[in-house]
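Biologist: Before I rely on this structure at the bench, I should like to hear the reasoning behind the terms applied to it. Could we go through them in turn?

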Amino acid sequence: MPQAISPEFSSSVKLKYVKLGYQYLVNHILTFLLIPIMVGVLIEVLRLGPDEILKLWNSLHFDLVKILCSSLLIIFAATIYFMSKPLSIYLVDYACYKPPVTYRVPFATGLEHAKIIFRSNPKCVDFVMRILERSGLGEETCLPPATHYIPPRPTMKAAREEAQEIIFSAMDSLLYKTGLEAKDIDILIVNCSIFSPTPSLSAMVINNYKLRSNIKSFNLSGMGCSAGLISIDLARDLLQVHPNSNAVVISTEIITPNCYQGKERAMLVPNCLFRMGGAAILLTNRRWERRRAKYRLLHVVRTHKGVDDKAYRCVMEEEDPEGNVGVKLSKDLMAIAGEALKSNITTIAPLVLPASDQLLFFIILIGRKILNLNWKPYIPDFKQAFEHFCIHAGGRAVIDELQKKLQLSAEHVEASRMTLHRFGNTSSSSLWYELSYIEAKGRMKKGDRIWQIAFGSGFKCNSAVWKCNRNIKPPTDGPGPWLDCIHRYPVQIPKVVLL
């Protein structure tokens with residue numbers, strides 16, 4: 001005998017359809033208003049008859065001077081509109097660095113190194129083991145050669161060699177995929193947070209590829225894992241004032257000089273999570289590149305919480321009591337990231353949400369901020385605004401927190417989790433490994449919208465919104481970080497890996 005439907009299930013289904021009805025009504029309110037007006041006009045026209053319509057037409061007097069003046073005014077207004085309209089920015093293609101298998105650091109290797117280095121401090125070994133067990137990383141993440149030594153050898157020479165390997169490899173792949181020649185690069189932006197040598201990394205790229213002497217080059221440092229989107233924002237601004245130009249953005253983090261060799265737990269966490277990675281991205285404002293470009297940039301929203309002391313200090317490079325330099329992560333990091341995300345959402349929501357969610361968001365915002373009503377904050381349904389989400393793979397806790405706050409499904413955060421598992425936290429370049437994962441799975445279709453979200457020291461939360469220009473087929477050859485392993489993903493990642 002079939003079971004009776006529970007009242008809770010019935011009410012939830014009714015609420016779902018009420019919500020869908022509300023969204024449809026608000027999103028199509030103009031259509032619902034225009035249809036009766038158009039029907040009314042049509043009925044009146046039909047009632048007039050042919051003779052009355054002809055009489056009405058003959059009664060109209062056209063003045064040639066007025067027609068010419070009106071036409072010129074319309075042409076002038078249209079010209080001003082199109083000249084003041086921002087140039088469209090296209091992402092032609094991008095390339096991600098893939099480390100060789102010889103750089104692989106499985107858990108057994110990491111623990112063996114920790115036991116040798118901290119043989120007089122077993123508590124540090126236990127701490128490293130607990131972090132690795134719960135990190136969400138897999139057995140194939142990679143570290144540069146200098147960190148494979150016992151003890152590590154973080155020399156300037158080793159750091160430069162790592163930077164050259166990552167940046168030149170990603171750049172070579174980008175030039176191969178796009179057919180771009182070095183002389184056609186007008187703008188170069190390189191971001192790397194901690195390693196900032198002299199000459200700069202951007203100068204290193206210019207020297208290796210013999211770029212033009214009038215190239216506009218920039219080197220961003222100290223801006224954390226969100227620096228990649230800051231570079232995209234800078235490239236967008238430059239392309240708005242330099243028409244017919246190409247911009248190359250290179251995002252990476254050099255691990256060699258960041259290898260902390262002390263015993264402070266808050267400074268050992270980055271050693272466990274950060275891994276090698278880098279990406280090179282080609283942006284352009286050339287209209288004829290639209291057909292082959294993969295994406296069009298819609299929005300970049302940046303939020304900075306540096307005015308707050310806790311936010312400013314929650315990710316900071318400093319010395320421990322023994323003089324060892326490392327990056328210290330505060331216990332308040334997740335709470336601060338949550339506040340930064342709220343501020344970012346408040347700005348980006350009106351730009352991307354459908355009218356129904358914008359109306360609810362605005363009403364509740366007014367009630368909470370102006371009328372001081374004790375209403376719960378409204379979390380917009382961003383699943384209606386985006387088909388894909390690229391959340392910075394900073395760690396399992398970051399992905400879990402954003403999935404919860406944005407009410408996302410497991411599939412929405414799959415690219416972030418699998419990127420963390422396969423490549424680890426590659427800092428500012430992680431967003432491009434995630435986008436590459438979605439493409440490798442064959443999920444990217446024309447018209448799809450993508451939301452990239454990244455967090456960085458300072459403290460910053462930055463977002464970029466892209467729209468897919470064309471159907472993107474999964475790559476079958478050539479350079480690609482997922483080419484030889486995408487068939488194995490997604491994988492089940494346990495909460496704790498027993499080591």
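The exchange below takes up confidence, burial and salt bridges.

Modeller: Please keep in mind that this is a predicted model. The protein chain has an average pLDDT of 87, and 90% of the residues score at least 70.

Biologist: What is the pLDDT over residues 1-17, and how should that stretch be read?

Modeller: Residues 1-17 have a pLDDT below 50, and beyond near neighbours in sequence the stretch has one contact in the model. Where pLDDT is low, the predicted coordinates should not be read in detail.

Biologist: Which residues of helix α4 are buried?

Modeller: In α4, which spans residues 107-117, the buried residues are Phe107, Leu111, His113 and Ala114. They lie on the same side of α4, because the arc they cover around the axis is only 160 degrees. Helix α5 (122-134) is included in what covers these buried residues.

Biologist: Why is the pair Glu318 and Lys328 called a salt bridge?

Modeller: A salt bridge requires a side-chain nitrogen of Lys or Arg within 4 Å of a carboxyl oxygen of Asp or Glu. The closest N and O atoms of Glu318 and Lys328 are 3.9 Å apart, so the pair meets that cut-off. Side chains of opposite charge can pair when their charged atoms come close.

Biologist: What makes this pair a tie between parts of the chain?

Modeller: Glu318 belongs to strand β7 (residues 315-319) and Lys328 to strand β8 (residues 325-329), so the salt bridge ties together parts that are 10 residues apart in sequence.

Biologist: How do you know whether Glu318 and Lys328 are buried, exposed or partly exposed?

Modeller: Buried means under 20% relative accessible area and exposed means over 50%, with partly exposed in between. Glu318 has 28% and Lys328 has 36%, so each is called partly exposed.

Biologist: Why is Asp381 classed as it is, and what of its partner Lys383?

Modeller: The relative accessibility of Asp381 is 16%, which is under 20%, so Asp381 counts as buried. Lys383, at 32%, is partly exposed. The two form a salt bridge, with their closest N and O atoms 3.2 Å apart.

Biologist: Which residues are joined into one network by salt bridges that share partners?

Modeller: That network joins Asp93, Lys177, Lys294 and Glu439.

Biologist: How many salt bridges does a search of the whole structure find?

Modeller: The search finds 21. Among them is the pair of Lys183 and Glu181, at 3.6 Å from N to O. Glu181 has a relative accessible area of 43%, and is therefore partly exposed.

Methods. Residues are numbered from 1 along each chain as its sequence is written. This is a predicted model: local features need pLDDT of at least 70, side-chain atom pairs count only at pLDDT 80 or more; totals for chains, interfaces and linings use all residues. Side-chain values use heavy atoms; hydrogens and water are left out. Buried means under 20% relative accessible area, exposed over 50%, partly exposed in between (1.4 Å probe, protein chains only). Helices (H or I, at least four residues) and strands (E, at least two) are DSSP runs, numbered from the N terminus. The arc is that of the directions from the helix axis to the C-beta atoms. Contact means heavy atoms within 4.5 Å. pLDDT is the predictor's confidence in each residue, from 0 to 100.
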